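Please open the structure in your viewer and keep the selection panel at hand. The tour below goes one selection at a time, with a short account of what is found at each stop.

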Amino acid sequence: MRWSHSSRVLVLGIFLCLLAGAVAAQDGEALYAKYCSQCHGDSGDGMGVAAPFLKPAPRDFTSGKYKIRRTPTGSMPLDEDLERVIKVGLPYTAMPGFEKVLSDSQVDSLVAHLKTFSADFEDPEALGEPIEIPSPPPYTPESVERGAQLYVETGCGRCHGEIGYGDGGSAPTLVDDWGVHIKVADLSMPWTFRGGGTRQDIFRTMSSGFNGTPMPGFHGALPTEDIWGIVDYIVSLGGGTVEGAPEAPYTSLLVSQGIEDEVDLSKGAELFVGAQEAVFPLVGQIIEPGRNFFPATTSVSVKAVHNTEEIAFMVRWHDMRAETIGINGPDLRAPEWMAQLDEIDWASVPGGRPGMTPADGGDEGGLWGDAEGDGGGDDPWGDAAADDGAEDPWGDAATDDGAEDPWGDAATDDGAEDPWGDAAADEGSGGDFWGDEEGAAVAGPTLASGPETEFNDAIALQFPLSMPTGVRKPYFLFGDAQNAVDLWFVDLGSDGIQRYTGRGSAAIAPAEGGDRVEIIKSYEQGVWTVIYKRKLVSRSSISFSEDSFVPIAFSVWDGFNRERGNKRGLTRWFSLYVEPLEKPDPMAPMLKAGLGVLGLELLIVFLMRRRFGNKKLIG
Amino acid sequence: MNLLVISAILAAMVGMRFLKPSMLAWIAIWWLGMFAILEFGFAVPIPASVIKIYMGIITLSLIAYVLTDPERVEQVWNPIVAFTVEKRFQPLLVVVGLLIPCVVAWSIYADMTKSKQAPSFARTVHPAPPDQITVHDTDYPLGFADNPYRTLEASAPEEFAARVQAGRDVYYSNCLWCHGDVMAGEGMFAHALNPIPTSFEDPGTIAMLREAFLFWRIAKGAPGMPDEGGPWESAMPAWENFLSEEEMWNVILFLYDFTDYKPRAVELH
């Protein structure tokens, strides 16, 4: 039998439909087991095998506490909220977007399965009225200015910092409902916002808050136009992207600008006016023992200038708090991950230690033996946990009865317009974190509530010790045996700079003699600024010559995050281009070439006309 | 392959058959068509230097084609002479004569003022493995070694499934940050790395490699690569520092299981 063309197409179509149906019928449970359980746990309790390595921790679906929602504080999320997170993920966390992998119907079946983990989805009381997100009013300088004022009045800066860099006074003390320190959002980096960086996204977060965290929702507490005002101020802090989602401004080239003036460090940032800013992304060092699965710093901003003699680099990064009374060094030994977890007093954390139990904390991956032998004996995290509530901000807030202080108000005033008051009055509904927090201050555990840490903030610039002759560079992790690197390490708690020569992470030694590098440093409003200066030419280390590319890399240590040695944030190799001081003027070569070509043309036309001028060839 | 561009150019070539343009136009269309295919016809851009070489060859071929027949030479030469000599073309001749030096000057300007690009290193993605490696005191001849647990797939499916599961646990507590949840090389640290982490979903990676090759790349990581792989800038750890051989073989089983690819078999000589 011969099939006609159309019947073949028909059969193929039916086959494809059946196939699609079969794929879609893969139910939520199977999808959950394949794509979700490794982090969120087989039973949805957030204790998957990856959980001990993740911060923020994977969501515990049994708690019913969801951050990204279009419903009021304390309420359960809508299906569309869950769908959104599954599809686009949570930026700068381990939660990826599954848009490319899962079909809409697969996402639907996953949502249905997630909702089986918490009975609150069945509870009509827990389902909040969805918050309408109106179309945004125009973004104007006035709305930004008004937002800036509201930002202060509402007390946003207490956690998020005066200008939003995540350095508010209480930022080091914030804990989530599970007693784990939670990092405040850096409002100048909207690409890191968990709920997304568009104006509508920020409006949603402002309105709904993040359940399970200290971030309150302002729906009903602030008029809609005030929320838009604060949204616009936040948008302005992040660079003013009004349409769509802002993207991270990462680059891969640092251009040092030639200047005629003296390289005068006392000018500070003024020295670098006009120089191009390069923003380089940082990630945790997870390649060698001492792994850092959640680094505190996500990027550094760098500028460079030089004259005929000297070159200067300005490196800036955001840090919640300056740690300067301990120690640090690139050669300090950081224990392997499981041993780092052992530093935490898990007995004080509800639910105990997440995820898998350490097979053998001590010897795990002990490339350099002695994984646990790290300098300081005292464990500040343990201390902090023992030191229950002493540093607790909510306690502070409750006693700190400043008349203008919304937090103080909260404790005393149940006014309906006051978000903090709302929360306090509304104690039974389960989503009330102010109530929760105050409870936590008394009975619950707090972790690392802003203790002094034993490690300082620190920064290192890394260059090859000598200019690579071919393509081969030193290994980007502190060099290798054949190719050394020059580390310009600054422990921000001590004076000056310490240069190290790195021949691999396990072979770092203070550099001998050589070239003087001068630095100045400052910490202001959540920003560390370190400015380095050195002569362009060096005999014992790399020289920066004009019109050349020099490999450059960075390491940042955050003392609060207990980063030291190999436990740090790092970048890959980037390139520094040293601009020529005298830029060649293109005018002369342009004229020369242009006139040359014109002359040649004239000659050709002249010759052609002399030879063929009298003949009539065409037409 | 950018099918739109290529089919448009093919259509133009076919169109020429019917329209029978002059020899000069025919050459121009061929030259421009070839250039457009090289420049825009492929999804992965061809380096400018390679395009230059190809266009040089194409130019020479077209010249050779014309020169082999006196009639074709006439057809090309006559319009050129007419253009330079005849009065009716004079205004156009002036315009073209001024335009060419301007274009030359502009290209010099663009070349001298273009923003600097960081030098890049063209690494070999799958560099050749050594004949033999030693992991935790065991020697593995890479040409012959195979996953010791692969045969369980047929002989003991339950034990095999348990090993895949164990490999999954290894993956999600070690590899996740770079290679990502769904093996697409889009982990949360991937944006900061160069070379970017391998996507195992890409049919050009594990689908065409033997398990022993993966074992070598996992056990020895970036530091174990030869220079053509750029060992100084790849972030792949030497996992022998963290994992047992068994864990590494298990995670390899998991990679193939998750992606539904089959490893390339050992070639018997």
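Begin by selecting chain B, which in this predicted model has 10 helices and two strands. Colour chain B by secondary structure and follow the sequence from its start, and the elements come in the order α-α-α-α-α-β-β-α-α-α-α-α.

Keep chain B selected and consider its overall extent. The radius of gyration of chain B is 29 Å, whereas the globule rule gives 18 Å for 269 residues, so chain B is more spread out than a compact globule. A box drawn along the principal axes around the C-alpha atoms of chain B would be roughly 90 × 45 × 30 Å.

Next, show the surface of chain B, which exposes about 14900 Å², with 66% of that supplied by carbon and sulfur atoms. Among the 269 residues of chain B, 41% count as buried. If you then colour the charged residues of chain B, you will find 17 positive and 29 negative charges, whose mean positions lie 14 Å apart. Of the contacts in chain B with a separation of 6 or more, 62% are between residues 24 or more positions apart.

Now turn to the interior, and select B:Tyr171 and B:Tyr172, the residues with the most contacts inside the largest nonpolar core, which has 94 residues. Helix H10 of chain B, residues 245-259, is the next selection, since the largest share of this core, nine residues, comes from there.

Which residues does B:Tyr172 touch, not counting those up to four places away in sequence? On the chain A side, B:Tyr172 touches A:Gln38, A:Val49 and A:Ala50. Within chain B, the residues touched by B:Tyr172 are B:Trp177, B:Asp181, B:Met183, B:Phe254 and B:Phe258.

From here, move to a second, separate core of 32 residues, and select A:Ala304, A:Leu461, A:Trp528 and A:Tyr532, which are included in it. As general background to both stops, nonpolar side chains in soluble globular proteins tend to be buried together.

Finally, select chain A as a whole, where the secondary structure comes to 16 helices and 14 strands. Of the 619 residues of chain A, 53% count as buried, and residues 24 or more positions apart account for 68% of the chain A contacts with a separation of 6 or more. Display the surface of chain A as the last step: its accessible area comes to about 27200 Å², and 54% of this belongs to carbon and sulfur atoms.

Methods. Residues numbered from 1 in each chain as written. Chains lettered and ligands numbered in written order. Predicted model: local features only at pLDDT ≥ 70, side-chain atom pairs only at ≥ 80, totals over all residues. Heavy atoms only, no water. Core = buried A, V, L, I, M, F, W, Y, C linked by side-chain atoms within 4.5 Å. Buried < 20%, exposed > 50% of the residue type's maximum accessible area, 1.4 Å probe, protein only. Helix = DSSP H or I, 4+ residues; strand = E, 2+ residues; numbered from the N terminus. Contact = heavy atoms within 4.5 Å. Rg over C-alpha atoms; globule rule 2.2 N^0.38 Å. Areas by Shrake-Rupley, 256 points an atom, 1.4 Å probe, with all protein chains shown as cover. Lys, Arg positive; Asp, Glu negative; His and termini not counted. Charge placed at Lys NZ, Arg CZ, Asp CG, Glu CD.
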